[in-house]
Amino acid sequence: KDLPVAEESPSASEYDGKLFGDWGGIREKASDAGLDFNFNYVGQFAANLDGGQRKDATWAGQLELGASLDAERAFGIRDTTFNALITYRHGSNLVTRAGLNTILQPQSVYGRGQTWRLTGFWGQHSIGAVDIRAGRMPMDLDFARLPCEFSNLSFCANQTGNLVGDLLFNYPISQWGARIRVQPGPLYAMVG
């Protein structure tokens with residue numbers, strides 16, 4: 001005999017993978033008009049159980065608040081988007097608190113100032129095989145980008161920005177810049 005299937009509750013379907021839901025239809029209407037929002041939080045707990053000067057544990061976190069505007073849906077301008085991203089980092093540094101004396105942080109979301117910052121504010125336009133991005137953006141948005149699969153900064157992000165941090169800055173610090181990517185087929189060339 002078939003068992004009854006539980007119906008999805010209206011409150012659960014409203015969220016559709018979005019942490020804050022559809023805001024009573026406002027978020028869907030904004031998306032239809034070309035404006036999409038992104039909210040993300042990453043928290044990392046780390047502990048030193050042995051070594052260093054002392055045993056300790058810390059929490060570091062990062063909040064991202066972003067928006068993307070599809071200019072075609074908003075204004076009829078094809079192949080153009082505008083993006084804005086603000087980040088807030090908070091927490092404590094395990095390296096300092098436990099006296100670890102390491103070069104890289106065990107928590108990738110700690111560092112570059114525990115503060116609010118403008119991480120991105122750029123426009124992007126494609127013309128055939130040519131894609132242009134300009135504005136305020138992190139260096140590792142397009143160059144030497146590595147996935148951040150682990151908490152430890154040794155396995156994460158642009159290592160040049162991590163190791164030469166007084167000369168080159170990576171995410172979440174942004175700088176004014178532009179990059180052009182030409183991709184006529186499976187290969188591409190890019191300059192920034």
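How many salt bridges does the count come to by the rule that a side-chain nitrogen of Lys or Arg lies within 4 Å of a carboxyl oxygen of Asp or Glu? The count comes to 7 salt bridges, and several of them appear in the views below.

This is a predicted model, in which local features need pLDDT of at least 70 and side-chain atom pairs count only at pLDDT 80 or more, while totals for chains, interfaces and linings use all residues. Residues are numbered from 1 along each chain as its sequence is written, and side-chain values use heavy atoms, with hydrogens and water left out.

**View 1. The whole chain and its confidence.** The secondary structure comes to 5 helices and 7 strands, where helices (H or I, at least four residues) and strands (E, at least two) are DSSP runs numbered from the N terminus. Along the sequence these elements follow the pattern α-α-β-β-α-β-α-β-β-α-β-β. The average pLDDT, which is the predictor's confidence in each residue from 0 to 100, is 84 for the chain, and 82% of the residues score at least 70. Among the elements, E5 has the highest mean pLDDT (97), whereas helix H1 (residues 10-15) has the lowest (48). Of the 192 residues in the chain, 31% are buried, a word that means under 20% relative accessible area, with exposed meaning over 50% and partly exposed lying in between (1.4 Å probe, protein chains only).

**View 2. The start of the chain.** Over residues 1-12 the pLDDT stays under 50, and the model has 1 contact for them beyond four places in sequence, a contact meaning heavy atoms within 4.5 Å. Where pLDDT is low, the predicted coordinates should not be read in detail.

**View 3. A salt bridge between partly exposed residues.** Side chains of opposite charge can pair when their charged atoms come close. Here arginine 73 and aspartate 70 meet through their side chains in a salt bridge, at 3.4 Å from N to O. Arginine 73 counts as partly exposed because its relative accessible area is 38%, and aspartate 70 is also partly exposed, with a value of 22%.

**View 4. A network of salt bridges around aspartate 142.** Aspartate 142 forms a salt bridge with arginine 133, and their closest N and O atoms are 2.6 Å apart; both of these residues are buried. Aspartate 142 also pairs with arginine 179, for which the closest N and O atoms are 3.3 Å apart. Arginine 179 lies in strand E6 (residues 175-182) and aspartate 142 in the loop between strand E5 (130-137) and helix H5 (159-163), so this pair ties together parts that are 37 residues apart in sequence. Through shared partners, salt bridges join Asp131, Arg133, Asp142, Arg179 and Arg181 into one network.

**View 5. A nonpolar patch on the surface.** Ile127, Ile132, Ile180, Val182 and Val191 make a nonpolar surface patch of about 400 Å². Such patches are made of residues with over 30% relative accessible area and no salt bridge, like charges being joined within 9 Å and nonpolar side chains (Val, Leu, Ile, Met, Phe, Trp, Tyr) within 5 Å, and accessible areas come from the Shrake-Rupley method with a 1.4 Å probe, where for residues only the protein chains shown count as cover. Isoleucine 127 is found in strand E4 (residues 116-127), and valine 191 lies in strand E7 (residues 189-191). Valine 191 counts as exposed because its relative accessibility is 53%. Isoleucine 127 and valine 182 are 55 residues apart in sequence, and their C-alpha atoms are 9.7 Å apart in space.
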